[in-house]
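Got the viewer open? Let's take a short walk through some charged pairs and the helix around them, one selection at a time.

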Amino acid sequence: MNHKLRARLSQFHTLFQHELVPLTEASLGVRLTPKLEQLLRIWEMVQIERFVPVGRGWVGRPARERTALARAFVAKAVLGLPTTVALMERLRVDGCLRRLCGFDGRRKLPGAWLFSRAFAALAQQDVAGAAHAALIKAQLGDQLIGHIARDATEIQAREKPAKAQPPVAAPPPRKRGHPRQGEKRPPVLTRIQRQMQGMSLSAMLADLPRACDVGSKTNSKGFKSSWIGYKLHLDVADGQIPISALVTGASVHDSQVAIPLATLTAARVTSLYDLMDAAYCSPLIRQHSRDLNHIPLIDHDQRKSPRDNPRGGQKIDFAPHAAERFKTRTQVERVNARLKDEFGARWLRVRGHSKVTAHLMLAVLVLAADQLLRLVT
């Protein structure tokens with residue numbers, strides 16, 4: 001990061017510490033705790049209320065306190081509250097937090113049904129995703145990012161796995177048996193091959209399975225584990241700042257999301273190196289990274305055949321300078337751990353892809369703002 005970003009964040013920190021905090025404490029008549037100061041900083045950084053649609057002039061009853069509810073959901077992620085019921089209990093007993101969120105003190109706190117309906121509406125409108133994209137473009141859009149680390153993590157859900165559906169862009173099924181003499185059948189392309197044939201970003205995202213299903217993986221000790229739910233795919237920049245995030249079904253392989261995730265990240269920031277583990281070992285992914293003017297550093301999968309890996313079955317070591325850069329790939333693992341341990345990504349109590357994405361994107365949004373603030377504090 002250059003000095004321009006640090007100067008901008010330092011100015012934000014100075015104004016916050018010397019003007020906003022004293023004015024807020026004078027208005028509330030109490031001294032803010034360190035956690036509430038952190039929450040106030042994140043609110044001012046993300047400004048999620050700018051992305052909540054205003055219902056004035058619409059037909060029907062106007063939506064009540066949607067801005068306050070959106071700020072309350074951000075507070076839920078910052079405070080690490082596992083459920084909406086826990087958030088409502090905290091708002092009932094903490095008058096300071098309730099006033100900071102923007103709820104009218106003359107009225108009763110909205111019921112659980114209103115929290116549920118508001119969260120569904122915010123999830124449908126992708127408010128958290130829009131706020132995260134705007135935050136990254138505003139703070140890092142003019143920066144030169146050294147490394148982008150890419151990985152995925154499992155997200156367990158309390159949901160019944162959906163039946164497998166054919167992909168949107170899948171070719172028609174082939175006839176069984178050998179082709180007739182002189183008959184030419186078109187080759188069956190994989191999802192990565194279809195993505196490399198000029199698919200738009202929206203088409204690539206629509207082609208990815210999103211429903212809840214069963215996923216499995218082998219851990220570092222060689223034991224295979226399975227889970228029911230989803231998978232969160234992340235692109236993380238230097239400083240452990242998540243740049244892009246996508247949510248798919250648990251059975252989607254990491255490599256199938258690499259190209260759309262890289263395309264989404266390239267539209268937001270300018271980076272140099274792409275760091276990925278052996279799950280992304282593919283010549284097409286390497287070629288796509290070079291097409292974006294990036295340098296791919298991908299660990300080689302020794303189990304792949306020579307067709308996919310020219311030196312399959314052999315250990316390939318990076319050059320000394322590339323090996324040092326590849327060590328920074330572990331920052332995406334630390335981001336996954338913080339999302340689950342501190343910002344509620346482990347406590348998934350909603351169902352459906354849109355609501356699950358909204359819950360996880362709130363955690364990603366809060367973590368991105370917190371890491372940006374840590375650059376100066």
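Start by selecting Glu342: this residue is partly exposed, with a relative accessible area of 36%. Keep in mind that you're looking at a predicted model. Now add Arg338, whose side chain forms a salt bridge with Glu342 at 3.0 Å, N to O. Arg338 has 11% relative accessibility, so it counts as buried. Extend the selection to Asp370 and Arg374, because salt bridges with shared partners link Arg338, Glu342, Asp370 and Arg374 into one network.

Next, show helix α13, residues 331-341. Which of its residues are buried? Colour Gln331, Val332, Val335, Asn336, Arg338, Leu339 and Lys340, and you have them. To see what these buried residues pack against, bring up β1 (144-156), β3 (224-237) and α14 (353-374).

Now pick Arg329 and Glu333, another salt bridge, at 3.5 Å from N to O. Arg329 counts as buried at 12% relative accessibility, while Glu333 is partly exposed at 35%.

For the last stop, go to β3 and select Lys231, then add Asp254. Their side chains meet in a salt bridge, 3.1 Å from N to O. Asp254 sits in the loop between β4 (241-249) and α10 (258-266), so this pair ties together parts that are 23 residues apart in sequence. Buried or exposed, these two? Both Lys231 and Asp254 are buried.

If you'd like to keep hunting, the salt bridge count comes to 17.

How values were computed
Residues are numbered from 1 along each chain as its sequence is written. This is a predicted model: local features need pLDDT of at least 70, side-chain atom pairs count only at pLDDT 80 or more; totals for chains, interfaces and linings use all residues. Side-chain values use heavy atoms; hydrogens and water are left out. Buried means under 20% relative accessible area, exposed over 50%, partly exposed in between (1.4 Å probe, protein chains only). Helices (H or I, at least four residues) and strands (E, at least two) are DSSP runs, numbered from the N terminus. Contact means heavy atoms within 4.5 Å. A salt bridge is a side-chain nitrogen of Lys or Arg within 4 Å of a carboxyl oxygen of Asp or Glu.
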